[in-house]
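I opened a fresh page for this chain and wanted to know how its helices sit against one another. My notes follow in the order I looked things up.

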Amino acid sequence: MFLARFVGLGSLIILILLQLAPAIEAAPELELSAPACNEIIQELMPCVGFVKKGGSSAPTGACCSGVKDLSNIAETDSDRQAICHCIKKVLPAVGDRYDPSRIPLLPKKCSVSIKFPPLDSKTDCTKYVL
């Protein structure tokens, strides 16, 4: 009796999976969203002292930790472009006190493989790909 129920349940599960197979195959791959701007800002906030004109000669440990975290989540061109757009959007808050040429130095100084372009109001983030 137990075996008959077990076999019946197994058959039911197989039947359900066979019914769902075409829908599963046809489903588009899940697309993860780009990193949120508030998360990007939080990760890079400790870097302001380094990117300012006349700033510190090396980024802080907290800054490098944030750059590494961004490197880990910047898996696609879309992710990197979102990071670029976000940084570009918040730079006016720093004003003219930042040096765009110091932004690309962050990954190198932090020993991270991600690349940042020099960012200013004219930067085209859609060209920011690796």
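**Entry 1: helix α2**

I started with α2, where the buried residues are I40, E43 and L44. Looking down the axis of α2, I find these buried residues within an arc of 85°, so they line one face of the helix. That fits the general rule: an α-helix has 3.6 residues a turn, so residues three or four places apart point the same way. On the face of α2 turned away from the buried side I noted the exposed residues N38 and Q42. Next I asked what covers the buried residues of α2. The cover includes α3 (48-51), α4 and α5.

A reminder to myself: this is a predicted model, and I read local features where pLDDT is at least 70.

**Entry 2: the whole chain**

I stepped back to get the overall layout. The protein chain has six helices and zero strands, and from the N terminus on I read the elements as α-α-α-α-α-α. Of the 130 residues in the chain, 30% are buried. I also looked at contacts with a separation of 6 or more, and 67% of these join residues 24 or more positions apart. For the accessible surface I got about 8,800 Å², with 61% of that belonging to carbon and sulfur atoms.

**Entry 3: helix α4**

Then I went to α4, residues 61-73. This helix has 13 residues and reaches 19 Å from its first C-alpha to its last, close to the 18 Å expected at 1.5 Å a residue. Which residues of α4 are buried? I list C63, C64, G66, V67, L70 and S71. They cover an arc of only 160° around the axis, which puts them on the same side of α4. On the other side of α4 I found G61 and N72 exposed. The cover over the buried residues of α4 includes α2 (37-44), α5 (77-94) and α6 (105-109).

I picked S71 in α4 for a closer look. Is S71 buried or exposed? S71 counts as buried because its relative accessibility is 18%, and the cut-off for buried is under 20%. Setting aside neighbours within four places in sequence, I see S71 in contact with V112, S113 and I114.

**Entry 4: helix α5**

Next up was α5, with 18 residues. Its first and last C-alpha atoms are 26 Å apart, close to the 26 Å expected at 1.5 Å a residue. I wrote down its buried residues as D79, R80, Q81, A82, I83, C84, C86, I87, L91 and V94. Among what covers them are α2 and α4. I had already met α5 in the cover of α2 and in that of α4, so that the three helices cover one another's buried residues.

Two residues of α5 got their own checks. R80 is in this helix, and I was curious how an arginine fares there. R80 is buried, with a relative accessible area of 8%. Its C-alpha is 8.4 Å from that of C125, 45 residues apart along the chain. V90 also lies in α5, but V90 counts as partly exposed, at 29% relative accessibility. I then asked how far the C-alpha of V90 is from that of C37. The separation is 9.3 Å, with their positions 53 residues apart along the chain.

**Entry 5: backbone oddities**

I scanned phi next. Most residues other than glycine have a negative phi. G95, just after α5, takes a positive phi of about 80°, and G95 is a glycine. S111 is not a glycine, yet S111 has a positive phi of about 55°. Where is S111 placed? I find S111 in the segment after α6. S111 is exposed, with a relative accessible area of 68%.

**Entry 6: rings**

Last, I looked at the aromatic side chains. How many aromatic pairs are there with ring centres within 6.5 Å? The count comes to zero. I did find a charge over a ring, though: the charged end of R102 sits over the ring of F50, 4.1 Å from its centre.

Note on methods: Residues are numbered from 1 along each chain as its sequence is written. Side-chain values use heavy atoms; hydrogens and water are left out. Helices (H or I, at least four residues) and strands (E, at least two) are DSSP runs, numbered from the N terminus. The expected span of a helix is 1.5 Å times one less than its number of residues. Buried means under 20% relative accessible area, exposed over 50%, partly exposed in between (1.4 Å probe, protein chains only). The arc is that of the directions from the helix axis to the C-beta atoms. Contact means heavy atoms within 4.5 Å. Accessible areas come from the Shrake-Rupley method with a 1.4 Å probe; for residues, only the protein chains shown count as cover. Rings of Phe, Tyr and Trp (its six-membered ring) pair if their centres lie within 6.5 Å; planes under 30 degrees apart count as stacked, over 60 as edge-to-face and the rest as tilted. A charge sits over a ring if NZ of Lys or CZ of Arg is within 6 Å of the ring centre and within 35 degrees of the ring normal.
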